[in-house]
Amino acid sequence: MTTSAVQPLHVPLTALIFASETPDWTGALCADPGLNPELWHPFPTEDAGVAVEVCHRCPLRAECLQFGKTNRLPGVWGGERLG
Ligand code: SF4
């Protein structure tokens with residue numbers, strides 16, 4: 001059996017939070033219903049400052065950044081813009 005490379009996902013983080021149990025996303029600040037999840041998926045010319053600022057206060061920052069890098073996800077993960 002061969003394994004295929006992980007393809008980047010293009011879905012909102014809020015969808016991933018419910019689809020992935022690792023890490024435990026409890027306490028993710030971006031899950032606040034008052035925040036627009038699109039802030040974590042800016043177009044290349046858009047500013048990601050609000051998302052980065054929220055991430056810097058999030059207790060899941062390290063795990064989230066690792067998750068984004070491991071799964072080659074575009075967007076803001078753990079306060080860094082990936083992809
Ligand atoms: S570090 Fe940022 S993207 Fe990751 S869970 Fe926290 S607020 Fe969301």
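The pLDDT is the predictor's confidence in each residue, on a scale from 0 to 100. The model described here is predicted, and the mean pLDDT of the chain is 84, with 76% of residues reaching 70 or more. Confidence is lowest in helix α1, where the mean is 58, and highest in helix α2, at 97. Where pLDDT is low, the predicted coordinates should not be read in detail.

## Overall layout

The chain contains three helices and two strands. Starting at the N terminus, these elements follow the order α-α-α-β-β. The chain has 83 residues, and 34% of them count as buried. About 5500 Å² of the chain is exposed, and carbon and sulfur atoms supply 59% of that area. Among contacts between residues at least 6 apart in sequence, 56% join residues at least 24 apart.

## Two helices and what they pack against

Helix α2 covers residues 49-56, and A51, V54 and C55 are buried in it. Viewed down the axis of α2, these buried residues lie within an arc of 100°, so they line one face of the helix. They pack against α3 (61-70) and β1 (75-77).

Helix α3 can be described in the same terms. Its buried residues are C64, L65, F67 and G68. Down the axis of α3 they fall within an arc of 160°, so these residues too line one face of their helix. The buried residues of α3 pack against β1 and against β2 (80-82). After α3 comes R72, which has a positive phi, near 50°.

## Aromatic rings

A pair of aromatic rings is described by the distance of the centres and the angle of the planes. The structure has three aromatic pairs. Two of them are set out below.

| Ring pair | Distance of centres | Angle of planes | Type |
|---|---|---|---|
| W25 and F67 | 5.2 Å | 85° | edge-to-face |
| F67 and W77 | 5.8 Å | 45° | tilted |

Why do these two pairs get their types? Planes over 60 degrees apart count as edge-to-face, and the planes of W25 and F67 stand at 85°, so that pair is edge-to-face. A pair is tilted when its planes are neither under 30 degrees apart nor over 60; the planes of F67 and W77 are at 45°, so this pair is tilted.

Where in the chain do the partners W25 and F67 lie? W25 sits in the loop between α1 (13-19) and α2, while F67 belongs to helix α3, so the pair ties together parts that are 42 residues apart in sequence. F67 lies in helix α3 and W77 in strand β1, so the second pair ties together parts that are 10 residues apart in sequence. Ring pairs thus link W25, F67 and W77 into a cluster.

Are the members of this cluster buried or exposed? W25 and F67 are both buried. For F67 the relative accessible area is 14%, and for W77, also buried, it is 1%.

## A salt bridge

Side chains of opposite charge can pair when their charged atoms come close. How many salt bridges are found in the whole structure? The search finds one. The side chains of R57 and E53 form it, with a distance of 2.7 Å from N to O. R57 is exposed, because its relative accessible area is 52% and the cut-off for exposed is over 50%. E53, at 40% relative accessibility, counts as partly exposed.

Definitions and conventions. Residues are numbered from 1 along each chain as its sequence is written. This is a predicted model: local features need pLDDT of at least 70, side-chain atom pairs count only at pLDDT 80 or more; totals for chains, interfaces and linings use all residues. Side-chain values use heavy atoms; hydrogens and water are left out. Helices (H or I, at least four residues) and strands (E, at least two) are DSSP runs, numbered from the N terminus. Buried means under 20% relative accessible area, exposed over 50%, partly exposed in between (1.4 Å probe, protein chains only). Contact means heavy atoms within 4.5 Å. Accessible areas come from the Shrake-Rupley method with a 1.4 Å probe; for residues, only the protein chains shown count as cover. A salt bridge is a side-chain nitrogen of Lys or Arg within 4 Å of a carboxyl oxygen of Asp or Glu. The arc is that of the directions from the helix axis to the C-beta atoms. Rings of Phe, Tyr and Trp (its six-membered ring) pair if their centres lie within 6.5 Å; planes under 30 degrees apart count as stacked, over 60 as edge-to-face and the rest as tilted.
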